[in-house]
Amino acid sequence: MEIKEVTNDIHLKLAKDLFNLTWDLIEKSERTAEDDEKMIYAANASRFHWGYVGTSLNFARGEWQISRVYALLKRSEPALYHAKKSLELCLINELGELDLGFAYEAMARAATVQGDQRAQEKYLELAEEVASKMTEIENQSWLLKNIKTVKTNTIPTW
């Protein structure tokens, strides 16, 4: 069933606003259980709305964000599921180094939560390899900062 009362403009606004809300909650230093729940719902709702108005890039980033949320909450199964979806979208659609690097980072982070050191090392290596090829220094730096926090499952600061 399609939601006909919601225009594309509304879908777009909700997708963006919910994505940003999720980031605010991810970066919140002291989240409550209610914040954690809201973070899950916001990330999934953002991806839902991107499904109406987004591109494969938006889908991949939405899946990445959902994976990050679940990893932060130490829920390995959904973290891995959404990391795999992000990686598939990056590979199938050739979305570029930045998103591919972050998809590998998500896979490594999900493996960390799962306790799978072999997979963690494999995907960290792939993420670092992608980062080494990046020419945009700011993007490379941001990816490397995220890679460095995989083993601690924390959030880097800007």
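**Exercise 1.** In this predicted model, determine which backbone atom the side chain of serine 86 reaches, and decide whether serine 86 is buried or exposed.

*Solution.*
Step 1. The side chain of serine 86 reaches the backbone oxygen of alanine 60, at 3.0 Å.
Step 2. Serine 86 belongs to helix α4.
Step 3. The relative accessible area of serine 86 is 1%. Buried means under 20%, so serine 86 is buried.
Step 4. Not counting residues up to four places away in sequence, serine 86 touches Ala60, Glu63, Trp64 and Ala103.

**Exercise 2.** Locate histidine 82, and identify the side chain joined to that of histidine 82 by a polar contact.

*Solution.*
Step 1. Histidine 82 is placed in helix α4, which spans residues 76–93.
Step 2. With a relative accessible area of 11%, against a cut-off of under 20%, histidine 82 is therefore classed as buried.
Step 3. The side chains of histidine 82 and glutamate 63 are joined by a polar contact of 2.6 Å.
Step 4. Neighbours within four places in sequence being left aside, the contacts of histidine 82 are Asn44, Glu63, Ile66, Ser67 and Tyr70.

**Exercise 3.** Describe the lining of the largest pocket by residue and by element.

*Solution.*
Step 1. The largest pocket holds about 540 Å³ of space.
Step 2. Its lining consists of 21 residues, with Trp23, Arg61, Trp64, Phe102 and Trp142 nearest the centre.
Step 3. Two or more lining residues come from each of α1 (8–27), α3 (56–72), α5 (97–114) and α7 (137–148).
Step 4. Helix α3 supplies the largest share, 6 residues.
Step 5. By class, the lining comprises 11 nonpolar, 5 polar and 5 charged residues.

Terms used
Residues are numbered from 1 along each chain as its sequence is written. This is a predicted model: local features need pLDDT of at least 70, side-chain atom pairs count only at pLDDT 80 or more; totals for chains, interfaces and linings use all residues. Side-chain values use heavy atoms; hydrogens and water are left out. Helices (H or I, at least four residues) and strands (E, at least two) are DSSP runs, numbered from the N terminus. Buried means under 20% relative accessible area, exposed over 50%, partly exposed in between (1.4 Å probe, protein chains only). A polar contact is a pair of N or O atoms within 3.5 Å; within protein, one must be able to donate a hydrogen and the other to accept it, and residues adjacent in sequence count only if both atoms are side-chain atoms. Contact means heavy atoms within 4.5 Å. On a 1 Å grid over the protein atoms alone, a cavity is a set of points where a 1.4 Å probe fits but cannot get out, and a pocket is an open set with protein on both sides within 12 Å along at least five of seven lines; lining residues have an atom within 4 Å of a point. Grid points are joined across faces, edges and corners, and a volume is the space filled by probe spheres set on the points. Ala, Val, Leu, Ile, Met, Phe, Trp, Tyr, Cys and Pro count as nonpolar, Asp, Glu, Lys and Arg as charged, and the others, Gly among them, as polar.
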